[in-house]
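Reader: I'd like to learn how to read a few features of a protein model. Could we go through them together, beginning with charged pairs?
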Protein chains: 2
Amino acid sequence: MPKVQTRPHGEEPTKSASRTMAPSSAPSLETRPVGAPQGEVRRVTHRAATAAFGWDGVEQRPYKDDERALYKTITRQVLFSDPEMAGELRYFEVAPGGFSTLERHEHMHGVLILRGRGHCLVGNDVKQLDTRDLVTVPPMTWHQFRATTDEPLGFLCMVNAERDKPQLPTPDDVARLRQNPAIAAFLDGKPRA
Amino acid sequence: MPKVQTRPHGEEPTKSASRTMAPSSAPSLETRPVGAPQGEVRRVTHRAATAAFGWDGVEQRPYKDDERALYKTITRQVLFSDPEMAGELRYFEVAPGGFSTLERHEHMHGVLILRGRGHCLVGNDVKQLDTRDLVTVPPMTWHQFRATTDEPLGFLCMVNAERDKPQLPTPDDVARLRQNPAIAAFLDGKPRA
């Protein structure tokens with residue numbers, strides 16, 4: 001079991017102080033079953049974009065900075081989440097020097113860079129990212145996004161509404177990843193390219 | 001049954017010359033069942049954005065201009081579609097003066113304007129759209145997007161991978177919509193706002 005205490009991106013803070021690995025086949029209880037019984041759904045057909053990559057009526061959720069955590073300075077906005085939609089679209093923004101949680105899970109990510117530039121790790125590949133680039137995170141693949149310039153890195157992320165909880169790396173997993181010098185440099189916030 | 005021959009956006013051209021209404025409860029045969037048996041899935045983890053809102057390895061699919069059609073000058077690119085993903089993300093781009101098909105269906109659209117400005121009709125509402133605005137199209141709601149400036153209107157559209165076929169309006173439907181002067185002006189390509 002991992003000892004690292006953190007919160008994977010895309011999840012609400014949990015009530016318990018620590019997070020442990022969930023069986024990858026179990027859908028997360030924090031996610032929304034598609035077509036679940038519901039009260040009246042209130043849908044807003046148009047949400048105007050605001051300055052600085054916000055949207056009318058969409059809450060910008062900060063992640064607390066925590067010395068124990070493997071994420072840093074990210075906000076999250078849920079753009080589309082509906083009982084009739086099998087996917088969800090979220091917008092994450094990472095401040096300069098910040099990064100998302102290093103994690104993996106059965107569900108996939110479809111990512112489009114909406115703002116700025118940065119780097120990501122997907123599996124064994126470190127990639128430089130520019131605005132509008134696409135990133136596919138396959139199932140059970142370690143991944144992390146980093147804002148490696150002096151601008152925020154903002155990205156859209158499509159996920160299944162029903163999805164498993166992210167798994168965090170053990171110290172052994174991290175050691176194994178760090179055997180690749182390019183990955184080690186990325187994890188140290190100094191990607192080579 | 002509608003007499004208009006057209007192709008709803010987000011669909012491949014059909015083999016028959018005319019399109020008729022599909023029962024709204026029947027999933028489209030043209031869509032991809034989630035988790036369906038498959039050969040080996042080849043996933044590209046990074047696709048660089050190219051100039052003019054294209055992406056490496058993503059085919060830009062033109063729609064033929066057709067005098068009978070209710071769409072005009074749209075291209076479509078499928079950004080994310082995978083057997084493990086319950087949603088799909090597509091990018092549509094409408095040239096100045098162009099428009100998407102006026103249609104409705106059980107499945108929903110989650111839209112983010114990625115490029116330019118324009119207008120949309122959703123139900124009884126005509127909305128002016130700016131870059132990064134969000135549009136939610138609820139089930140069985142007439143909708144259309146129009147590029148009403150001298151720039152292209154480009155938008156991301158999230159849909160369920162399994163979805164019903166769009167329905168086209170009958171002449172009666174159009175007449176009913178046109179009773180609203182704001183909608184009539186929109187359909188004539190001259191939105192008021």
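Reader: How many salt bridges does a search of the whole structure find over all chains?

Author: Side chains of opposite charge can pair when their charged atoms come close. The rule here asks for a side-chain nitrogen of Lys or Arg within 4 Å of a carboxyl oxygen of Asp or Glu. Searching the whole structure gives ten salt bridges over all chains. Before we go on, please keep in mind that this is a predicted model, where local features need pLDDT of at least 70, side-chain atom pairs count only at pLDDT 80 or more, and totals for chains, interfaces and linings use all residues. Residues are numbered from 1 along each chain as its sequence is written, chains are lettered from A and ligands numbered from 1 in the order in which they are written, and side-chain values use heavy atoms, with hydrogens and water left out.

Reader: Which side chain meets Asp82(A) in a salt bridge?

Author: That is Arg43(A), at 2.6 Å from N to O. The two come from distant parts of the chain, 39 residues apart: Asp82(A) lies in the loop between β5 and β6 of chain A, and Arg43(A) in the segment before β1 (46-47) of chain A. Strands (E, at least two residues) and helices (H or I, at least four) are DSSP runs, numbered from the N terminus.

Reader: Is Asp82(A) buried or exposed?

Author: Buried means under 20% relative accessible area, exposed over 50%, and partly exposed in between, with a 1.4 Å probe and protein chains only. Asp82(A) has 5% relative accessibility, so it counts as buried. Its partner Arg43(A) has a relative accessible area of 26% and is therefore partly exposed.

Reader: Where in the chain do Arg115(A) and Glu93(A) sit?

Author: Their side chains also meet in a salt bridge, 3.1 Å from N to O. Arg115(A) belongs to strand β7 (residues 109-115) of chain A and Glu93(A) to strand β6 of chain A, 22 residues apart. Arg115(A) is partly exposed at 22% relative accessibility, whereas Glu93(A) is buried at 13%.

Reader: What separates Asp173(B) and Arg176(B) in helix α1 of chain B?

Author: About one helical turn, because they are three residues apart in that helix, which covers residues 171-178. They form a salt bridge whose closest N and O atoms are 3.1 Å apart. Asp173(B) is buried, with a relative accessible area of 9%, while Arg176(B) is exposed at 51%.

Reader: Now for strands. Which strands pair with β6(A)?

Author: Two strands pair if DSSP finds at least two bridges between them. Strand β5 (residues 72-80) of chain A runs antiparallel to β6(A), joined by seven bridges, and a hairpin of six residues connects the two. Arg76(A) stands opposite Phe92(A) there. Strand β12 (residues 153-160) of chain A also pairs with β6(A), antiparallel over eight bridges, with Val159(A) as the bridge partner of Glu88(A). Ten of the 13 residues of β6(A) (residues 87-99) are buried, so the rest of the structure largely encloses this strand.

Reader: Which way do the residues of β12(B) point?

Author: In a regular strand the side chains alternate between the two faces of the sheet. From β12(B), Leu153(B), Phe155(B), Cys157(B) and Val159(B) point one way, and Gly154(B), Leu156(B), Met158(B) and Asn160(B) the other way; all are buried. This strand pairs antiparallel with β6(B) over eight bridges and with β7(B) over five. Bridge partners include Val94(B) with Leu153(B), and Gly110(B) stands opposite Met158(B).

Reader: How many residues of chain B are in contact with chain A?

Author: Contact means heavy atoms within 4.5 Å. By that rule, 42 residues of chain B touch 42 residues of chain A. Buried area is the accessible area (1.4 Å probe) that two parts lose on being put together, summed over both. Between these chains it is about 3,700 Å², of which carbon and sulfur atoms give 69%. The rule finds zero salt bridges across this interface. Strands also pair between the chains: β10 (residues 134-137) of chain A and β1(B) run antiparallel, joined by two bridges, and Val135(A) has His46(B) as its bridge partner.
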